[in-house]
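Have the model open while you read. Here is a short tour of its helices, rings and buried spots.

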Amino acid sequence: MHGLPYWRLSGFYFFYFAFVGAMSPFWGLYLQSLMYSAVQIGVLMSLLQVMRIFAPNIWGHIADRTGKRTTIVQIAAVGSVLAFIGVFFGTSFWWLFAIMAALGFFWSASLPLVEAMTLSHLGERIEGYGRIRLWGSIGFIVMVVGLGYALDYLPIRWLPWTVLGVMLGIVAFARMIPE
């Protein structure tokens with residue numbers, strides 16, 4: 001795999017899916033700790049998925065028009081962090097609705113573009129995809145198991161800080177992926 005930015009791509013997948021491992025099983029518990037109803041939690045949690053219907057098409061169009069996939073991934077990563085930081089400034093339903101919608105819009109841009117970049121970097125060496133993508137699965141498992149264990153001892157209010165740390169990992173690796 002000479003010339004392939006293996007660890008830079010693998011690191012991105014690790015942190016991207018660690019984010020999924022923090023949000024999918026635990027964010028609803030965090031929202032429950034804020035005294036939201038099941039319906040409100042369902043609406044807020046659905047926003048990440050709803051944005052995955054529209055946002056990748058918008059971001060993909062921009063990347064195709066500009067030819068700057070890496071730049072778009074970097075903008076999306078930073079935009080995700082900036083949107084997420086809003087959780088530290090308010091907890092009203094409509095505030096978090098806006099935060100989750102903005103987060104979903106930016107966050108959903110990255111994976112399709114990184115998949116395309118990974119396949120471009122691999123070229124004819126397509127068999128290397130599994131070794132790179134494996135790190136996403138490892139990130140997910142490490143986060144679910146590790147955070148699940150940690151939350152047995154720590155209050156759920158630490159979850160946003162953990163998610164922010166993971167998102168900063170996404171930003172760091174997004175900055176290292178070559179075009």
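## Phe88 and its ring partner

Phe88 counts as partly exposed, at 28% relative accessibility. That label follows the usual split here: buried means under 20% relative accessible area, exposed means over 50%, and partly exposed is in between, with a 1.4 Å probe and protein chains only. Before going on, note that this is a predicted model, where local features need pLDDT of at least 70, side-chain atom pairs count only at pLDDT 80 or more, and totals for chains, interfaces and linings use all residues. Residues are numbered from 1 along each chain as its sequence is written, and side-chain values use heavy atoms, with hydrogens and water left out.

What does the count of aromatic pairs come to? The count is 21, under a rule that pairs rings of Phe, Tyr and Trp (its six-membered ring) if their centres lie within 6.5 Å, with planes under 30 degrees apart called stacked, over 60 edge-to-face and the rest tilted. Phe88 and Trp161 make a tilted pair, with 4.2 Å centre to centre and 40° between the planes. This pair links distant parts of the chain, 73 residues apart: Phe88 is in the loop between helix H3 (69-84) and H4, while Trp161 is in helix H6 (residues 159-174). Helices here are DSSP runs (H or I, at least four residues), as strands are (E, at least two), numbered from the N terminus. Trp161 is partly exposed too, with a relative accessible area of 49%.

## More rings

Phe93 and Phe97 form a tilted pair as well, at 6.1 Å centre to centre and 45° between the planes. They are separated by about one helical turn because they sit 4 residues apart in helix H4. Buried or partly exposed: which is Phe93? Phe93 counts as buried at 15% relative accessibility, whereas Phe97 is partly exposed at 27%.

Elsewhere, one aromatic cluster is formed by Phe12, Tyr13, Tyr16, Phe17, Phe19 and Trp107. Phe17 also has company from a charge: the charged end of Arg133 sits over its ring, 4.1 Å from the centre. To qualify, NZ of Lys or CZ of Arg has to be within 6 Å of the ring centre and within 35 degrees of the ring normal.

## Ser110 and Val73

Ser110 belongs to helix H4 (residues 93-122) and is buried, with 2% relative accessibility. Skip residues up to four places away in sequence, and Ser110 touches Phe12, Tyr16, Val73, Ala76 and Ala77; contact means heavy atoms within 4.5 Å.

Val73 lies in helix H3 and counts as buried at 1% relative accessibility. Which residues is Val73 in contact with, leaving aside its neighbours within four places in sequence? Phe12, Ser110, Leu113, Val114, Met117 and Ala174.

## Along helix H2

Met51 has its place in helix H2 and counts as buried at 19% relative accessibility. Not counting residues up to four places away in sequence, Met51 touches Pro56, Ala101, Gly104, Phe105 and Ser108. How far apart are the C-alpha atoms of Met51 and Val73? They are separated by 16 Å, with the two positions 22 residues apart along the chain. From Met51 to Phe140, the C-alpha to C-alpha distance is 21 Å, and the two are 89 residues apart in sequence.

Gln49 also lies in helix H2, and this residue is partly exposed, with a relative accessible area of 45%. The C-alpha atoms of Gln49 and Ser108 are separated by 8.6 Å, although the residues are 59 apart along the chain.

## Out on the surface

Val50 is found in helix H2 (residues 38-66) and is partly exposed, at 34% relative accessible area. Together with Ile53, Phe54, Ile58 and Ile62, Val50 makes a nonpolar surface patch of about 430 Å². Patches take residues with over 30% relative accessible area and no salt bridge, joining like charges within 9 Å and nonpolar side chains (Val, Leu, Ile, Met, Phe, Trp, Tyr) within 5 Å. A salt bridge is a side-chain nitrogen of Lys or Arg within 4 Å of a carboxyl oxygen of Asp or Glu. The areas come from the Shrake-Rupley method with a 1.4 Å probe, and for residues only the protein chains shown count as cover.

One last stop: Met35, in the loop between helix H1 (6-33) and H2. Met35 has a positive phi of about 75° although it is not a glycine, and is exposed, with a relative accessible area of 72%.
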